[in-house]
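Work through the exercises below with the model open. Try each task before reading its solution.

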Amino acid sequence: MTIERVTPSYHVASVGNVEDYVEEPYEAINLHNLEHVPQVAALPADLRAQIQVVGNVLPFKSNKYVIDHLINWDNVPDDPMFRLTFPLGEMLEPANYRRMQAMLDAGATDDELKHAADEIRWTLNPHPAGQMDHNVPALDGRPLNGMQHKYRETVLFFPSQGQTCHAYCTFCFRWPQFVGLEDQKFAMREATLLRDYVEAHPDVSDILFTGGDPLIMRTRVLRRYIEPLLEPGGAPNVSTIRIGSKALAYWPQRFVAGGDADAEDLLALFKEVVDSGRQLSFMAHFSHPVELETSIVQEAIRNVRATGAQIRTQTPVLRHINDDPATLARMWRLQTQLGCIPYYLFVERDTGARHYFELPLVETWKIFREAYSMVGGNSRTVRGPSMSATPGKVQILGVSEVAGEKVIVLRMLQGRNPDWVGRPFFAKYSETARWLDDLEPAFGEEKFFFEDELNEMLSVQGSPWSRDDLALPMASPN
């Protein structure tokens, strides 16, 4: 037997001087000013047209940091960071692409373009996994449309001022937040409602601020949501505050004094959370090693960690971007060396441009397994591949043979009912399945073990944790 040896470099290289990045102001790039960007103006006309067509359906926004420092323009359109941030023709189904292209060529009005784009958007499963219908909680009979409470211990909060990002990812599963699709946006302004809700639900231990990107907000605005949770006697059951953000990758100046006028105040707020005795978990989105290699992102990571915050990282496996074990392994090693914790590797969600990015589940697992085998134990904190599906976060454990039948082995890392968590279950082997809904139970079973209870939960609108008609387990006392 021959064992392949991988000898990676453990030197964390960095590109550029921090001082050079700090002097560059933030500048958003969108369809309106795109042609003024020299790198874009030099692209072939067909490629520029693709960006315009698809950018009228799926959200497009970049910035000068991404364009000048993360994209290798000599390798466009194959460069992973270009594909991660610029919409391309293949990201729409051919018929939809032709429709939008014809309307743009004919000089359609903005209203006509939006109407056509919205019709296409509704076919892209804008809110998968029951987010609109079955995750929204209620307080005193009032739906809280800027929150989700899918899992017992964790509440998601969408501050209304945080419903954009420093740049948009082309795979984004929260894309409806950015395109003005009617009644499809999570957002809330009332910070006291968040505190009142979690106080009324003592099983809640974690609050995740998400969006969009909550760190697009100025710190004084973010404080309005966080400080009520830190007040003496306020929400004593909350032990962890999480912030989901892509800012470290797309605008690391946000965390470096001089790079952003608000950086020092933001870092001070992080320290206040930690000093309150709570854990601050920065849920950082990194999808490619390039995002970790500039000196400014490495300085930003050091600054965030110096507050006592913990940085956990996550990404989906993305065809054309990171669907290669060596790329993922390199990224996890870099994260670990920089003091971050590799946390989740997801399956591309069944929404938006999924057909461009998704892979069969078995192939996704093989990529994960090989990458996982290439890193040391400290990087093997990463869990996956995981589908954020309607019943919960379903992990693909692997492929096996049981009682003569080839099967896919799965388990839940999170579940609408916590009693489902950790229970292995089996699906018929399939080389084409790309999501949980594509799988069938193994061994002649008619349904997976959770389906009857799940259907009961889904028979009524809203989060099951806001209802008293379902006998769900309570958390065990510490």
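The exercises cover a histidine, aromatic pairs and charges over rings. The model is predicted.

**Exercise 1. Place His-201 and state whether His-201 is buried or exposed.**

Solution.
- Step 1: Locate the residue. His-201 falls in the loop that joins helix H9 (191–200) to strand S7 (206–209).
- Step 2: Check accessibility. The relative accessibility of His-201 is 16%. Buried means under 20%. His-201 therefore counts as buried.

**Exercise 2. Find which backbone oxygens the side chain of His-201 reaches, and list the contacts of His-201 beyond four places in sequence.**

Solution.
- Step 1: Start with Tyr-197. Its backbone oxygen is 2.8 Å from a polar atom of the His-201 side chain.
- Step 2: Go on to Trp-465. The His-201 side chain reaches the backbone oxygen of Trp-465 at 3.4 Å.
- Step 3: Leave out neighbours within four places in sequence. His-201 then contacts Asn-237, Trp-465 and Ser-466.

**Exercise 3. Classify the aromatic pair of Trp-73 and Phe-86, and give the burial of Trp-73 and Phe-86.**

Solution.
- Step 1: Count the pairs. The structure has 23 aromatic pairs.
- Step 2: Take the geometry of this one. The centres of Trp-73 and Phe-86 are 5.9 Å apart, with 85° between the planes. Planes over 60 degrees apart count as edge-to-face. The Trp-73 and Phe-86 pair is edge-to-face.
- Step 3: Place the partners. Trp-73 is in the loop between helix H4 (64–70) and helix H5 (80–85). Phe-86 is in the loop between H5 and helix H6 (94–105). The two are 13 residues apart, and the pair links distant parts of the chain.
- Step 4: Check burial. Trp-73, at 19% relative accessibility, counts as buried. Phe-86 is buried too, at 0% relative accessible area.

**Exercise 4. Do the analysis for Phe-425 and Phe-449, then name the aromatic cluster that holds them.**

Solution.
- Step 1: Read the geometry. The ring centres of Phe-425 and Phe-449 are 5.6 Å apart and the planes are at 70°, so the pair is edge-to-face.
- Step 2: Place the partners. Phe-425 is in strand S15 (residues 425–428). Phe-449 is in the loop between S15 and helix H17 (451–458). They are 24 residues apart.
- Step 3: Check burial. Phe-425 is buried at 4%, whereas Phe-449 is partly exposed at 31%.
- Step 4: Name the cluster. Trp-420, Phe-425, Phe-448, Phe-449 and Phe-450 make up one aromatic cluster.

**Exercise 5. Which rings lie under Arg-380 and Lys-406?**

Solution.
- Step 1: Arg-380 has its charged end over the ring of Tyr-372, 5.4 Å from the ring centre.
- Step 2: Lys-406 lies over the face of Tyr-429, 4.1 Å from the ring centre.

Definitions and conventions:
Residues are numbered from 1 along each chain as its sequence is written. This is a predicted model: local features need pLDDT of at least 70, side-chain atom pairs count only at pLDDT 80 or more; totals for chains, interfaces and linings use all residues. Side-chain values use heavy atoms; hydrogens and water are left out. Helices (H or I, at least four residues) and strands (E, at least two) are DSSP runs, numbered from the N terminus. Buried means under 20% relative accessible area, exposed over 50%, partly exposed in between (1.4 Å probe, protein chains only). A polar contact is a pair of N or O atoms within 3.5 Å; within protein, one must be able to donate a hydrogen and the other to accept it, and residues adjacent in sequence count only if both atoms are side-chain atoms. Contact means heavy atoms within 4.5 Å. Rings of Phe, Tyr and Trp (its six-membered ring) pair if their centres lie within 6.5 Å; planes under 30 degrees apart count as stacked, over 60 as edge-to-face and the rest as tilted. A charge sits over a ring if NZ of Lys or CZ of Arg is within 6 Å of the ring centre and within 35 degrees of the ring normal.
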